[in-house]
Each structure stands twice: as C-alpha cells, then as structure tokens.
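Biologist: I would like to learn how to read a protein model, one feature at a time. Could you take me through one slowly?

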Amino acid sequence: MKLSQYYLPTLREVPADAEIASHKLMLRAAMIRRSASGVYTYLPLGLKVIQKVEKVVREEMNRAGAMEILMSAIQPKEIWESSGRWDVYGPEMFRLKDRNDREFCLGPTAEEYFTTLVKGEVKSYKQLPMNLYQIQTKYRDEKRPRFGINRAREFSMKDAYSFDVNEEAMMDSYMNMYRAYERIFDRLCIDYRVCQGDAGAMGGNSSHEFIALAETGEGVIVYTDSGSYAATDEKAEVYYSYPETQEPKEKEKVHTPGTKTIEEVSEFLGIEKARCAKAIDMSVEGEPVYAFIPGDRELNLTKLVSYLGIPEHEIVMMDDEMIRNSGTVPGFTGPIGLDARIIVDESLTKISNLVVGANEEDHHIINANYGRDFEGEIAPDLLMVEEGDKTEEGEELQFARGIEVGNIFQLGKKYSESLDAKFLDENGKEQHFWMGSYGVGITRSVSAIIDQNFDDNGIIWPVAIAPFEAIVTVVNSKKEEQEALGEEIYKKLLDAGIDVLLDDRKERAGVKFNDRDLIGIPYRISVGKNAGENLVEYSTRKEGVNEEISVEEALEKVIENIKKERTSL
Ligand code: ATP
Ligand code: MG
C-alpha cells in the first residue's frame, strides 16, 4: 500500500476527551473516529488491525475444533424471556420494536440465540461435542461508555458456545477453550493473567477471566507472587482478620450524638472500627433489606448480587428519606429490633461486643452479640478484598490493574433447561445439553495491546497484529533517485510476502517520521541522501535500532525478523 493514496488522517493534537493511551493513540493514528458516545467508525488502519486480531482468533478457534457461523445482531424478545434475561439485562440492553410492535433487542451476547438454533436441529449424542462461534458486533448500552473502544456500546466480540452430553464432557470442552484462549492471547502478545471470575448474569458454575494487565485498566486483579492464586477483586475471597476476642458484655443503649459514620462512632466510643457494624440500607425489588459487615471493610456488591441471586439493577441504595420511611434512621441502622430482611456477613457472627445502630436518632447499642441479641441470614462473604489481605494459606496478596479481554463460563444446563433444548442420549433418553460460553473482546483486545505497547511518540505494534509489518520511507520525494529506490525496496518486500507500506507522500521528512512512529510500524527502511551509494537506514520501532546498511542487508534483516516474529499457527 502506498501512503500517498491511503486514507490516514493522523492528528497532531491529543484529543481533549481521550483519557487513556489507547484511546488517544487510536484517534491520533487515524484508526478510529467517534460517531456517538461509545460508537465508533473504524478507518483503514484500525480495521486492518482488527482483521489481524480476528485472524488469530479464527485460526485458534478452528484449530480447537469450533465452527464459525454468523447470527443476526437482532434477536427476538421471546427467547430472552424464556431464559429470564429480558429483565435481568436491564438498561444495558438496546431494545427495539418492528412496525408490528414486535419486540427485539440488539444482541449483547447470544447464549439464548445459539441454544435456540441448536434446539431441534442437533438431535443425537452422536453429534456432540459441538462448539459454534461467531465474530460479530455486539450492543450494550453501557452505563459509562469510556476509553474509546475499550468500553464501547457497539463492539466486536468473538462468542462461542459449546454443547455436550454431560458435565464431564462440558469440562473437557471448557478446558479446550481455556487452552485455545491461552494460545490466542499469547499470539496477540498480550501480557495477561487468568483469574477466577464471577459468573454474574451468565449464571452457571465456574468461570475464568483473561485479564490484560494495564495501569489504566478499569478492573483490579489480586494475585500471589507464587502464582498460587489469581482472581478479580470482585471475586477474590476475603480471609478476614478478626479483632481480639472479648468476653460478651451486657448490651447497652448509648447516646452517640451526630455519629453517623463508622469513623465518627468508632472515635466517639473509643471502640475499634472492626467492632462497629456497618449497615448497608438497600431496597431490593422494592423491599427494604439491610446488610451488615464489619466497620473496617467495604461491601463487595458483586458478592451481594450473587448472594441475593437477583440482577444488580434490582438493588437500590436507599436515600435518607427512603431509610426513614422504612422504619429506621439514616446513620443509625442496626439489626436489633429491625422488622425486615437482615443479612449478616459471617465475620460479624464471630466478633463479640459489637456496636450497632439503635434505629433511633443519635443512639447506638454497644456489646451486641450475634445469636444472643440479633439474628439474620448469614452470608458467607460479602467483603471487598483490600491491600494487606492474605490468602487462606497466609500468602500476601498483590494488586494490579487490568482489563478483561476474554471470559469463559461453564453454563451447565441453565440455558438448555430454560429453553428446553434436548438431545437423545445413548439410551434413547432425552437430555438437556451441558453448555459453555466463551467470549473474546476483539476490539477491546486491540486497545489492550496498545495500552501495553506505546511510548511518547506513538504505538509500538508487535509484528503479529501490526497494521503493516514494515514501512519504507522516501525521505525526500523530490529526489527521483530516492523515489525509485524506495519503490524498488517496497516491491521486493511485497514479493517476499511482507505486509508493507510505502511512504511516498510529498511531505516533509519530519512529518513522515512522526507519522511512522505514531502508527507504530515495527520494521522500517528509510531511503535518503545516500540512496545513490546503495545505502539506507534500517531501524526498528521497538528496540530503537538505527543503522545505515546496504539495501540488501536491510531487506534481509526486515524479512528475517518479521518472519521470526509472526505468531502464526
Ligand atoms: P466487563 O466486566 O468489562 O463489562 P463483561 O463481563 O460484561 O465485561 P462479557 O459479557 O464476558 O464481558 O463479554 C465478553 C468480552 O467482550 C469481554 O471479555 C470483553 O473483552 C468484551 N466486552 C464486554 N463489554 C465490552 C464493551 N462495552 N466494549 C468493548 N468490549 C467489551
Ligand atoms: Mg459488562
């Protein structure tokens, strides 16, 4: 491709609304343009990278025995109602009606759709295992679209669904995908960790998240240096370190004027925060529900959602007025004498002499003890992991930021049962499929790769997914000699099967070099004033190698290095 004819409107200025490197660089390198919040157009350079990522994903999925299909982005409401997810998905789902008032959604994912497809068509155990996938645009009306294509409302995802005869076979399919994902993200040159995930709205049993490490990542992962444990902070189990045990004392109501927060009441009474029960006043599906955790910890909403088994958008934190109407007092909620659903984090049942709200303005109760003074549903772990926490074995936990690029789930029979998708087993008996689902964020992977590979001057592509593997720059296009040699080198590289770009624009050398750095092409040859002596400048974007060598040597180095760094099958 010749740059003089290529649509590459690079930007010199950093766009004001872009917060993270990948977003800024994708705009500046003319890979994307925003058309609405979280909705993007892919320009030639951006689309080319996406296609390279897709190629890796396709090759690995095919190699793992999965078959590519393509379903519509428009999905009928009925299948989502059958699984119960029409409501669960809530406002994140784009919904639409046709001219006859029939309701649809723009698919945010496709468990129901694939299950419906297979239902009735895959009839026998002999056809299993089966794994179908697609690479398709997905739609999610994200609460906070941000960071460019990282959290978009329209994005490309590879989604796969496996169908098996029993749990064991499902586990095999799952592990097969686990390994395919390792190969995919290795080939995409992403630095990632595999974490135990949260099944969330997907339902089902176990899941793993593939998290690309990035300082600007929206998520936090928790891991041990030995590699014995890695989980997202949403899922990480908390081994709470208890305050000192005390003999239970006589419960007593005390005057605690103006002490609405844990800090205030702890300081006022001179009792450690861990012993002051923190109340979370919620309205769940319209009913008041109160959860209590130790005062020195934060609530993990994901764990609470999972405990309650309801969609997150059904939980509303009560405001002061709602709290008053529910029969208690903001800042003074306590589990004693509260006539409502009460959920107690298990740790609280083991802490003696708690301070709890008295459900009365400016009053708390001290020396409250679980079992003797109050009761509730015991939730095993509602706490957010925090710095200083250790694993069950006492190993120190480390924290890092990252962004999820892939996700694998064991779904079990959740969707096959709700959509009644069955096959005939060896004994001619009807059975529901055991399923798994597997996602890769195609577009998000592109931004993750950039966030791991850039410097002040621009993107530093790994060869595997670089939009072009090499670039030939004609330093001074007015000089025929340079132009001719540039063209000759360009053709030789094309003949050698290199994906190469020729910068033959009538631009100043500085502009060309800046663009070359910005778009991050890994291997470069520039043809300048010594063209007549058969000398060119060979340089690399990543290592910063820069040497003047003969044309032949330069060609050899470029071709050899690129072939070495391609991560093909
Ligand atoms: P997140 O926690 O980041 O919202 P998710 O758990 O909702 O992700 P999945 O439903 O597992 O994501 O989707 C599969 C993959 O699709 C994710 O691993 C991610 O790479 C990608 N993805 C999800 N939401 C978006 C989005 N809004 N923009 C771009 N990619 C996305
Ligand atoms: Mg999401």
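Modeller: What follows is a walk through this structure, from its domains to single residues. Please keep in mind throughout that this is a predicted model.

Biologist: Let us begin with the overall layout, then. Into which domains is the chain divided?

Modeller: The chain is divided into domain 1 (44-220 + 399-451), domain 2 (252-379) and domain 3 (468-568), and you will notice that domain 1 is written as two stretches of sequence. For domain 1 and domain 3, the C-alpha centres lie 40 Å apart, while four residues of domain 1 are in contact with six residues of domain 3.

Biologist: I have heard of nonpolar cores. Which residues touch the most other members in the largest nonpolar core?

Modeller: A nonpolar core is a set of buried residues of certain kinds joined through their side-chain atoms. Here the largest one has 60 residues, and those touching the most other members are M31, Y181, F185, L188, V446 and W461. At least three residues of this core come from domain 1 (44-220 + 399-451), and at least three from domain 3 (468-568). There is also a second, separate core of 42 residues, with A236, I280, I336 and A368 among them.

Biologist: Could we look at one of those residues? What is W461 in contact with, leaving aside its neighbours within four places in sequence?

Modeller: With those neighbours set aside, W461 is in contact with M31, V49, V446, I449, I450, A466, P467, I519, G520 and P522. One of these partners, V446, is found in helix α11, and V446 has its own contacts beyond four places in sequence, namely M26, M31, V49, I50, V53, I149 and W461. The C-alpha atoms of V446 and I465 are separated by 8.7 Å, although these residues are 19 apart along the chain.

Biologist: Why does V446 count as buried?

Modeller: A residue is called buried when its relative accessible area is under 20%. V446 has 0% relative accessibility, and therefore it counts as buried. The helix around V446 follows suit: ten of the eleven residues of α11 (residues 442-452) are buried, so this helix is largely enclosed by the rest of the structure. The buried residues of α11 include the polar or charged names T443, R444, S445, S447 and D451 as well as I442, V446, A448, I449 and I450.

Biologist: How should I describe two helices that pack together?

Modeller: Two packed helices are described by the angle between their axes and the distance between the axes. In this structure, the axes of helix α12 (residues 480-495) and helix α14 (residues 551-565) come within 11 Å and cross at roughly 35°, and the crossing is right-handed. Where they meet, α12 brings L485, I489, K492 and L493, and α14 brings V551, L555, V558 and I559.

Biologist: Finally, what do polar contacts look like for a buried residue?

Modeller: Take S416 in helix α10 (residues 414-418), which counts as buried because its relative accessibility is 0%. A polar atom of the S416 side chain lies 2.7 Å from the backbone oxygen of F433, and, not counting residues up to four places away in sequence, S416 touches T115, A421, H432, F433 and M435. For a second case, D503 lies in strand β28 (residues 500-503) and is buried, with a relative accessible area of 1%. The side chain of D503 makes a polar contact with the side chain of R505, at 3.0 Å.

Methods. Residues are numbered from 1 along each chain as its sequence is written. Chains are lettered from A and ligands numbered from 1 in the order in which they are written. This is a predicted model: local features need pLDDT of at least 70, side-chain atom pairs count only at pLDDT 80 or more; totals for chains, interfaces and linings use all residues. Side-chain values use heavy atoms; hydrogens and water are left out. A nonpolar core is a set of buried Ala, Val, Leu, Ile, Met, Phe, Trp, Tyr and Cys residues joined through side-chain atoms within 4.5 Å. Buried means under 20% relative accessible area, exposed over 50%, partly exposed in between (1.4 Å probe, protein chains only). Domain bounds come from an automatic or database domain assignment. Contact means heavy atoms within 4.5 Å. Helices (H or I, at least four residues) and strands (E, at least two) are DSSP runs, numbered from the N terminus. A polar contact is a pair of N or O atoms within 3.5 Å; within protein, one must be able to donate a hydrogen and the other to accept it, and residues adjacent in sequence count only if both atoms are side-chain atoms. Axes are lines fitted to C-alpha atoms, for helices over the stretch in contact, and angles run from 0 to 180 degrees between N-to-C directions. A crossing is left-handed if the near helix is turned anticlockwise from the far one by less than a right angle, and right-handed if clockwise.
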